[in-house]
Amino acid sequence: MKPLRVVTGRVAVLDRPDVDTDQMVPKQFLKRIERTGYGDFLFYDWRYDEDGNERPGFELNRPEFRGATVLLAGRNFGCGSSREHAAWAMQDYGFDAVVAPSFGDIFRTNAAKIGMLAITLPESEVDRLIESVDLDTGSVMTVDLERRVIVAPDGRQVPFEFDEATRHRLLNGLDEIGLTLQHEDAIAAYETAHGIA
Amino acid sequence: MHPRRAYSLGMARTLFDKVWERHVVHEEDGEPTLLYVDLHLVHEVTSPQAFDGLRLAGRPVRRPELTVATMDHNVPTLPGPVTDPLARAQLDALRANCEEFGITLHATGSGYEGIVHVIGPELGLTQPGKTIVCGDSHTSTHGAVGALAFGIGTSEVEHVLATQTLPQKRPKTMLLEFIGALPAGLTAKDMILGAIGRLGVDGGVGYVVEYAGEAVRGLSMEQRMTICNMSIEWGARAGMVAPDETTFAYLEGREHAPRGDEWERAVKDWRSLVSDPGAEYDAHVVVDVRELVPQVTWGTNPGMVAPVDGVVPDPASFSDPTDRVAAERALAYMDLRPGQRIDQIRIDRVFIGSCTNSRIEDLRAAAAVVAGRTVDPRVTALVVPGSAQVRRQAQEEGLDRVFTDAGFEWRLAGCSMCLGMNPDVLAPGERCASTSNRNFEGRQGRGGRTHLVSPQMAAAAALHGRFVDVRTLDREPVPA
């Protein structure tokens with residue numbers, strides 16, 4: 001995994017609560033056995049109509065949100081299914097960071113595993129960030145994992161909390177399985193003590 | 001963070017604390033706890049990329065004997081070959097991966113295949129005190145026997161395959177107490193839907209929930225599974241029920257359950273897996289089941305739910321503006337009006353199945369409602385048993401005839417229309433009474449409209465072509 005320190009880029013807003021991972025990647029795209037290429041399917045049924053044409057009313061189809069790398073989202077973002085395809089699709093579409101009042105647990109974990117930042121801020125703070133986005137021309141935002149601070153489009157600095165072990169792993173691009181296997185002796189000892197031959 | 005909390009001897013501990021502490025492999029300050037995994041369940045959809053990752057890194061599966069695979073999400077429920085080339089490739093990949101890495105696979109046609117959360121308990125693999133994971137959010141189901149069971153993503157699947165452990169931050173604990181005795185006609189499905197309606201679809205985020213109280217004690221094992229299954233639908237990491245005589249009676253004699261002296265020793269140990277008197281939870285909520293009425297969801301998440309004798313709510317009545325907009329969007333998608341009576345909503349399809357409600361007791365309960373009656377001619381109704389074993393048992397009991405005589409289709413085991421990865425899907429605009437767990441937009445088919453209900457309520461809806469109160473079914477006019 002590549003080290004991830006700072007994300008700076010265009011910001012998109014999807015201000016809906018309880019966006020589930022079924023919406024992020026509908027089931028018909030879960031049959032692929034690859035890990036890449038899911039960006040085309042992100043929010044498929046919301047992005048496209050039955051004929052495959054873009055729905056102009058859907059947030060991510062707004063011209064000023066095109067090419068966004070940061071998403072401001074509603075509470076409980078990524079609830080529902082454990083499908084990591086949802087996180088893969090977000091990342092493949094271009095998002096390196098999502099900021100929301102809360103996340104579905106499994107989605108948040110999946111994001112952390114693949115090097116996409118899922119950052120929790122109080123709802124009022126997310127609302128202020130959303131208000132600072134210029135909906136006519138688009139805006140740029142920075143998410144700085146190293147300093148644990150968001151630089152809002154209006155220049156305001158918003159600190160955030162982030163699990164320290166995950167931060168260390170992401171900043172250094174470390175392989176988590178490799179880290180766990182450093183405890184091979186402890187795993188083997190546990191197995192011996194519990195009769196797992 | 002409180003990785004070293006509550007370890008001292010003599011301190012009152014919860015069921016969760018006890019199971020967690022038994023599985024700690026390694027701990028250090030500022031790091032997640034490394035937790036041992038006793039059982040890893042695998043299916044075709046969330047595993048291929050994990051096996052690829054192992055191959056890429058040249059890593060073996062550490063404990064193939066603690067890993068069990070089945071085919072469930074993609075499989076057609078009508079006899080014959082898999083015609084969808086993508087589905088076939090995914091099923092072939094699972095078969096090849098299990099062969100290469102030495103993992104037991106309950107393949108389609110083996111007689112033991114089925115929904116991963118149905119076969120685990122049914123084979124006795126699911127046991128009290130175990131840690132159980134699977135690349136599927138409804139893994140919480142297995143907590144019904146007093147296991148710590150939760151869904152994981154594909155990166156974590158790879159991690160468990162390689163190390164048989166998972167780094168985990170210790171979650172918070174919540175006690176959800178169902179007080180009172182469950183009224184007749186009510187089910188575990190109504191209990192959990194009613195609870196989610198009150199507590200919200202994010203009410204459990206960050207918690208492992210222990211379900212307790214008189215109403216839970218009175219439930220069968222399979223009904224407890226229904227409750228734990230839907231833990232994820234209000235965001236909980238896992239759901240658990242302390243094991244008791246009901247649990248032991250359910251497990252005794254199952255294929256992978258301990259036998260003889262080992263069984264006696266196991267039960268003695270399992271009896272200790274209860275929360276100590278005075279054990280503290282981070283949160284405690286109470287739901288009085290005596291107030292419950294059969295539940296029907298009206299919206300696009302499981303918290304958007306109403307009693308069958310109620311009406312579709314008016315979004316304007318929601319105090320939170322975010323909730324109001326979400327409700328308006330849900331009603332537009334569901335094509336419902338505020339104030340519309342729930343029992344006047346007409347349906348096109350009925351689905352009885354899924355890891356929530358496809359076990360033998362669910363089928364018996366639905367069959368009891370259906371027996372001697374006829375499915376409304378405008379309704380297409382489907383019964384999909386949760387496993388090949390459930391299907392066989394139902395057929396031995398003649399339940400298949402009860403269903404087919406009434407006009408239901410009797411299918412092969414699988415996840416089927418719960419998520420519509422196989423050919424069983426709703427057409428755009430179709431409305432379905434479903435015993436599954438998610439009424440998300442498009443879940444059962446693009447543009448399809450899902451109403452979550454209990455098996456009895458789904459069966460009753462099939463007969464009448466609309467929702468009816470199963471408690472007063474005999475008084476309902478016979479459909480014209």
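The questions and answers below concern a predicted model and take up chain A, the side of chain B that touches chain A, and several elements of chain B.

Reader: Which radius of gyration does chain A have, and what would a compact globule with 197 residues have?

Author: The secondary structure of chain A comes to eight helices and seven strands, and its C-alpha atoms fill a box of roughly 60 × 40 × 25 Å along the principal axes. For a compact globule with 197 residues the radius of gyration would be near 16 Å, and the value for chain A agrees with this, being 18 Å.

Reader: What percentage of the contacts in chain A between residues at least 6 apart in sequence join residues at least 24 apart?

Author: Of the 197 residues in chain A, 44% are buried. Among the contacts in chain A that link residues at least 6 apart in sequence, the share that joins residues at least 24 apart is 67%.

Reader: Which element supplies the largest share of the side of chain B that touches chain A?

Author: In the contact between the two chains, 51 residues of chain B meet 42 residues of chain A. Several elements of chain B each supply at least two residues to this side, among them β1 (24–26), α3 (85–101) and α11 (321–334). By class, the side of chain B that touches chain A has 19 nonpolar, 21 polar and 11 charged residues. The largest share, seven residues, comes from α5(B).

Reader: Which strands are the edge strands of the open sheet of chain B with the order β11-β10-β9-β12?

Author: This open sheet of four strands has parallel pairing, and the twist averages 25 degrees from one strand to the next. Within the sheet, β10 (residues 207–212) of chain B pairs with β11(B) over three bridges, and B:Val208 stands opposite B:Ala238 of β11(B). The edge strands, each of which pairs on one side only, are β11 (238–240) and β12 (283–288) of chain B.

Reader: What angle does the direction of helix α6 of chain B make with that of β12(B)?

Author: Helix α6 (residues 188–199) of chain B packs on the sheet, where it touches both β9 (172–179) and β12 of chain B. Its direction makes an angle with that of β12(B) of about 120 degrees.

Reader: Is B:Thr300 buried or exposed?

Author: B:Thr300 lies in the loop between β13 (295–297) and β14 (305–307) of chain B. Leaving aside residues up to four places away in sequence, B:Thr300 touches B:Ala330, B:Tyr333, B:Met334, B:Asn439, B:Phe440 and B:Glu441. Because 27 other C-beta atoms lie within 10 Å, and 20 or more suffice for the term, B:Thr300 is buried.

Reader: Why is helix α15 of chain B largely enclosed by the rest of the structure, and which elements do its buried residues pack against?

Author: Helix α15 (residues 455–464) of chain B is largely enclosed because 10 of its 10 residues are buried, including B:Met457, B:Ala461 and B:His464. Just after α15(B), B:Gly465 takes a positive phi of about 75 degrees. The elements of chain B against which the buried residues of α15(B) pack are β13, β15 (349–352), α12 (360–370), β16 (380–383) and β18 (431–434).

Reader: What is the handedness of the crossing of α12(B) and α15(B)?

Author: The two helices pack at an angle of about 30 degrees, with their axes 8 Å apart. Residues of this contact include B:Asp362 and B:Val369 of α12(B) together with B:Gln456 and B:Leu463 of α15(B), and by class the contact has nine nonpolar residues, one polar and one charged. The crossing of α12(B) and α15(B) is right-handed.

Technical notes. Residues numbered from 1 in each chain as written. Chains lettered and ligands numbered in written order. Predicted model: local features only at pLDDT ≥ 70, side-chain atom pairs only at ≥ 80, totals over all residues. Contact = placed C-beta atoms within 7 Å. Nonpolar A, V, L, I, M, F, W, Y, C, P; charged D, E, K, R; others polar. Pairing = 2+ DSSP bridges. Axes fitted to C-alpha atoms, helices over the stretch in contact; angles between N-to-C directions. Buried ≥ 20, exposed ≤ 12 C-beta atoms within 10 Å, placed from the backbone. Rg over C-alpha atoms; globule rule 2.2 N^0.38 Å. Left-handed = near helix turned anticlockwise from the far one by under 90°.
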